[in-house]
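User: Please take a close look at a single part of this structure, the packing of its helices, and then set that part in the context of the whole chain.

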Amino acid sequence: MVSDMITCDIFCTVIDNYGDIGICWRLARQLANEYGWQVRLWVDNLAPFAQLCPTLDLLAPTQSIQDVTIELWRADFDTRNIEQAADVVLEAFGCEIPTAYIARMRERAANQKAPIWVNVEYLSAEAWVADFHLLPSPHPRYPLTKTYFFPGLKAGTGGVLKERTLCQTREDFMRDKNAQANFWYSLNLPPPTATTTTISLFAYENDALHTLLNSWSASLTPITCIVPEGRLSGAVANFFKKPTFGAGTVAKHKNLTVYSIPFVEQNQYDRLLWACDINFVRGEDSFVRAQWAHRPLVWHIYPQTENTHLLKLDAALALYTEDLPADASSAFIRFWHAWNGVDGALLDWQDFWQHREIWVNHAKHWAKKLAAVGDLSSHLVKFCETQLQYAVI
């Protein structure tokens, strides 16, 4: 039998954006709230975390929020206050678990049963992912085995994060016009009109941005663009010839109006994705949430050296567009390529957006396909609980 309260330590290093901690925070809450696990989340930098969780106390080395214990992961990691390693130890994206904690894992393995050690990897749609998902890797010196857990967009992988109530929450929001209006008012924005195309724009620095904003300005119908304050703010300011473009800034050029909003916490961001007609997203966390939004999307993948990220981009495109008509699929691929700086690809908004009705229907179809893969947390829980049962037989 597996104990009623499974303990779990999640280790997360914040690199240079919000994806790592965003995914770990969602995962930690889901394991605690939906599966009753006792979760401790170790984070090496609380400042970016606070952007996603405004109630976080930057000065508290230990705190509890939404049934998750949050620990500041210091460089001088100390295990004196840790009674033993958790039942399940998750290292996010190959981060280095402290040597002192691995020693506690070894102690537990010697005295009772080894913890279930899982490396949760980055999302990829590449074909090899299913072959490497759940492969074990024995420690060279200790009686510990690490298992590689790969999120993915197709069967045979770990899937992606999705809370049990997400679909119902989105449907309730989309049926409630008052809730939608109140959402816009909470951002100090007017609700969009029926004739306005509303776009959320979240991306890394992008050379194609000026061309895109010019295209939107020349639209025959009004376009409203919502830009969370961050890495695009400077380029948007340059387009409008403003010194800055911080939260609360509004600028208009021809038929385009751009609003800058503060960086919002995760539940608010979900609602932004639901409320917009199309969403430009970046990295991993917002990419996944946009797929659950039932809205057309454009992905700006995290750039890597030697353009290895473009292989991941094309793998995702191949899956996402496989059920589209040929002309629509080609337009979709052209636009994503141009937005991601693929050599020779030209950014043509009209060429892309002429298929908007197809994009809307396809977004709903894709979300159903993705749901059939199963969600990451349920796959992870099933694997860990099975391993724990084997360990006590």
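Analyst: In this predicted model, H9 passes H10 in a right-handed crossing. Helix H10 covers residues 285-292, and its axis comes within 9 Å of the axis of H9, the two crossing at roughly 50°. H9 and H10 are therefore oblique to each other, since an angle that is neither under 35 degrees, nor over 145, nor in the range 65 to 115 counts as oblique. On the H9 side the contact is made by Gln266, Tyr269, Asp270 and Leu273, which meet Asp285, Ser286, Arg289 and Ala290 of H10. By character, the residues of this contact divide into 3 nonpolar, 2 polar and 3 charged.

Helix H9 also has a second packing partner to consider. Helix H5, residues 166-175, packs with H9, residues 266-275, at an angle of about 55°, and the axes of H5 and H9 lie 11 Å apart. That angle makes H5 oblique to H9. The crossing of H5 and H9 is right-handed. H5 contributes Leu166, Thr169, Arg170, Phe173 and Met174, while H9 contributes Asp270, Arg271, Trp274 and Ala275. The residues of the contact of H5 with H9 comprise 5 nonpolar, 1 polar and 3 charged. Asp270 takes part in both interfaces: Asp270 is among the H9 residues that meet H5, and Asp270 is also among those that meet H10.

The wider setting is as follows. The chain contains 15 helices and 14 strands. Along its principal axes, the C-alpha trace spans about 70 × 45 × 45 Å. For 393 residues, a compact globule would have a radius of gyration near 21 Å, and the chain, at 22 Å, agrees with that expectation. Buried residues account for 55% of the 393 residues. Of the contacts between residues at least 6 apart in sequence, 68% join residues at least 24 apart.

Individual loop residues illustrate both ends of the accessibility scale. His355 is located in the loop between helix H13 (349-353) and helix H14 (356-373). His355 has a relative accessible area of 10% and is therefore buried, the limit for that class being under 20%. Leaving aside residues up to four places away in sequence, His355 touches Asp327, Ala328 and Ala331.

Two other loop residues are exposed and also have an unusual feature of the backbone to report, namely the sign of phi. Asp67 sits in the loop between strand E3 (62-65) and strand E4 (68-72). Although Asp67 is not a glycine, its phi is positive, at about 70°. With a relative accessible area of 57%, Asp67 is exposed, because the exposed class begins over 50%. Lys241 lies in the loop between helix H8 (233-239) and strand E11 (250-253). Phi of Lys241 is likewise positive, near 55°, in a residue other than glycine. Lys241 counts as exposed at 76% relative accessibility.

To return to the part requested, H9 is oblique to H10 and H5 is oblique to H9. The crossing is right-handed for H9 with H10 and right-handed for H5 with H9.

Definitions and conventions. Residues numbered from 1 in each chain as written. Predicted model: local features only at pLDDT ≥ 70, side-chain atom pairs only at ≥ 80, totals over all residues. Heavy atoms only, no water. Axes fitted to C-alpha atoms, helices over the stretch in contact; angles between N-to-C directions. Helix = DSSP H or I, 4+ residues; strand = E, 2+ residues; numbered from the N terminus. Left-handed = near helix turned anticlockwise from the far one by under 90°. Contact = heavy atoms within 4.5 Å. Nonpolar A, V, L, I, M, F, W, Y, C, P; charged D, E, K, R; others polar. Rg over C-alpha atoms; globule rule 2.2 N^0.38 Å. Buried < 20%, exposed > 50% of the residue type's maximum accessible area, 1.4 Å probe, protein only.
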